[in-house]
Amino acid sequence: MAHGNDCRPALEDGADQQQPLILDRVERETGKKWQTVVSKRLKKHCTPQKAKSKILGFVPILKWLPQYQLRDWILGDVMSGVIVGILLVPQSIAYSLLASQDPIYGLYTSFFASIIYALLGTSRHISVGIFGVLCLLVGQVVDRELALAGYLTESSSNSSDVLLAGQGNGSIGVACDRSCYAITVGATVTFTAGVYQVLMGLLQVGFVSVYLSDSLLSGFATGASLTILTSQFKYLLGLKIPRPQGWFTLFKTWYSLLTNLGSTNICDLVTSLVCLAILLPTKELNDRFKSKLKAPIPFELFVVIIATLASHFGHFNTDYGSDVAGDIPTGFLPPQLPLWSLIPSVAVDAFSIAIVGFAITVSLSEMFAKKHGYTVDANQEMYAIGFCNILPSFFRCFTTSAALTKTLVKESTGCQTQISGLVSALILLLVLLVIAPLFYSLQKCVLAVIIVVNLRGALRKFTDIPSMWRANRIDAAIWLVTMATSALVNTELGLLVGVLVSAFCVLGRTQQAHVLELGRAASREHYEGLSHYRGLQTHPGVAVFRYEAPIYYANQSLFKKSLYKCVGLDPVKEKSRRVKFEKSKRREEAANVKSEEKEHARKENDAEATVTLMHDKKSSHSSRNVVIDCSAVLFLDTAGVGALKEVRKDYAELGVKVVLAHCNTSVLDTLERGGYCPDKKGGDVGENKMIFFTIADAVHYLQSLCAANGDHDTKC
């Protein structure tokens, strides 16, 4: 029941009136001390069972490994693990180029990420490791810092050293060549990104991934793919040119390529064309017959082996100047700390890398979890991918996330759990301990071909633009803006612009909302827009309107303007017109006009004013009372409450009553806190009936007012 100054739907008294719907709100518990609340929560959450659940939740493998169905799952996990491990070998070496690192560090990265995610991840199917977009972002930071340190091109690797200090050796400086400094920068970026991700997990902000829509992420990945494609042309042509820094790198890269086209290495160009001619059709065959093949054929590995043998026995490096992978050591290097002094320089870059890595991982995790009927924990995924970056960074690794291509292979080859990730790690361990040095003669142009061929999926998105535009133009616009900014301006800026454009699109939809006049269906008490449906009826003397958006500071003026236009009466303009008329009348009465012409003119004006005043009185009686349907108003802020107060007050001065209907509980609470309903103590109860649960109750109430006032002109 409504009392005091509560904003609750009103009860209409009287036996001859329809009884409105009455609901009593559940009163919230207030006045509790914070100590009592904290004590109750501690007793609820701090129990041995809860502690055990938290520990098992933080290391999910402890929960699912004891329930592992060995006979049913082991074959699928081993097969998928072996196949993904074989695919990871050439791709890990290839994507090291994209991150401006030596090949061995790509193998390290895939090895550690596979193990750590198997321990901490909640998805059974995704493959965590090297991802092209993240490699591009890391490579851009590495190249920038290399340039600042004096390394202009890859050929300057032995021309200068950088003195690193504070990496576990106290104040002793350590000489570091180009390769050493590149992985130091990459590991520092990776460590910082991992810290961001773990902090976001601790703060329970895993929900941030929902703000990165599918169209935004797809556009960002496609734009980054264009940048990746462009960056690999120098390897395909055998050119030694530095990676451009700053904005518009796509144009700068193409300018460098075209100006240095005469320096193309024919051996690298021929090798690239041959490898492309082999890999493009074979990868298409794999995709076309993937439903019939038990496992995809690892053509990339075959090409790497054949190309390495051809380069070794053909002496491509010494005789033709072809750039090769070089020495790939076996085993593991001792761990080292990140370069602390570098963190301020890469902190902003690491944040965007952290957001992209987490968003890609969570979106893939949720997609495959939904497909296979289980759930994933977004915050635990944040922890998992964070530690997949923090811990490997001590072992000279760079940033990782889930990768769609390898995840699809993993799923299609029978993967059941993350045991397959451990099997893939064993394959990589075998390569790291025994096989890695055999790739010494592998040409970098072959690795570039592998990267380019794997961009097919992202580049195919361009063919989907017409269908995206037909399905949803706003999403298509977000995709196009994000893709164009990422590709043509700057990769990191593309992500930020995409987020801002998405936010402005959401805000823009609230700005485009208009007030609709509603009519009642003939057969029942249901109201819809008169402009949308035929056969709807209106009520004499009462008009019903709906605003299909929240009312807040950004659109409250638009709400009032749209409402006044739809009602057909702007109270502000009407009051202003009346004030001007009164002032004009008083001036004429105060003037001492003695001439007959002026007296005659005054009489004519008085006669006109009398007609106008009669019209005003008539219009005020014939004006319709207003019901505002708030069912589509999700929330109000202080400005929204103020706007509703102004509407009610301005119309009341013209004799038009405004009531609300269908307010949700959030809107009711905001109205109550904002003082929308005046104090009922000592006043007429009928005057305070401002909010109703249903439109029908509000209409009946306003019609009863018309009847009580004897307004027969409106036929209430």
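This passage describes two helices, a group of strands and the cysteines of a predicted model.

Helix α5 covers residues 103-120 and contains 18 residues. From its first C-alpha to its last, α5 reaches 26 Å, which is close to the 26 Å expected at 1.5 Å a residue. Most of α5 is covered, as 16 of its 18 residues are buried.

A second helix, α7, spans residues 178-202 and includes S179. The relative accessible area of S179 is 23%, and this residue is therefore classed as partly exposed, since the term buried is kept for values under 20%. When neighbours within four places in sequence are left aside, the contacts of S179 are with D102 and Y105. Q101 lies 78 residues from S179 in sequence, yet the two residues are 6.9 Å apart in space, taken from C-alpha to C-alpha.

The strands were examined next, with β5 as the point of reference. Strand β5 comprises residues 515-520, and 6 of its 6 residues are buried, so the strand is largely enclosed by the rest of the structure. Both faces of β5 are covered. On one side, V515, E517 and G519 are buried, and on the other side L516, L518 and R520 are buried.

Strand β5 is joined to two other strands. With β7, which consists of residues 542-547, β5 shares 4 bridges, and these two strands run antiparallel. Within this pairing, V515 has Y547 of β7 as its bridge partner. With β6, made up of residues 527-529, β5 shares 3 bridges, and this arrangement is likewise antiparallel. Here G519 of β5 is the bridge partner of E528 in β6. The strands β5 and β6 form a hairpin, with 6 residues between them. Thus V515 and G519, which lie on one side of β5, have bridge partners in β7 and in β6, respectively.

The cysteines were considered last. A disulfide is a covalent bond between the sulfur atoms of two cysteines. A search of the whole structure finds 0 disulfides. In the case of C275, the closest cysteine sulfur belongs to C445 and is 6.4 Å away from the sulfur of C275, which is too far for a bond, because a disulfide requires the two sulfur atoms to be within 2.5 Å. C275 has a relative accessibility of 5% and therefore counts as buried. C135 is also buried, with a relative accessible area of 0%.

How values were computed:
Residues are numbered from 1 along each chain as its sequence is written. This is a predicted model: local features need pLDDT of at least 70, side-chain atom pairs count only at pLDDT 80 or more; totals for chains, interfaces and linings use all residues. Side-chain values use heavy atoms; hydrogens and water are left out. The expected span of a helix is 1.5 Å times one less than its number of residues. Buried means under 20% relative accessible area, exposed over 50%, partly exposed in between (1.4 Å probe, protein chains only). Two strands pair if DSSP finds at least two bridges between them. Contact means heavy atoms within 4.5 Å.
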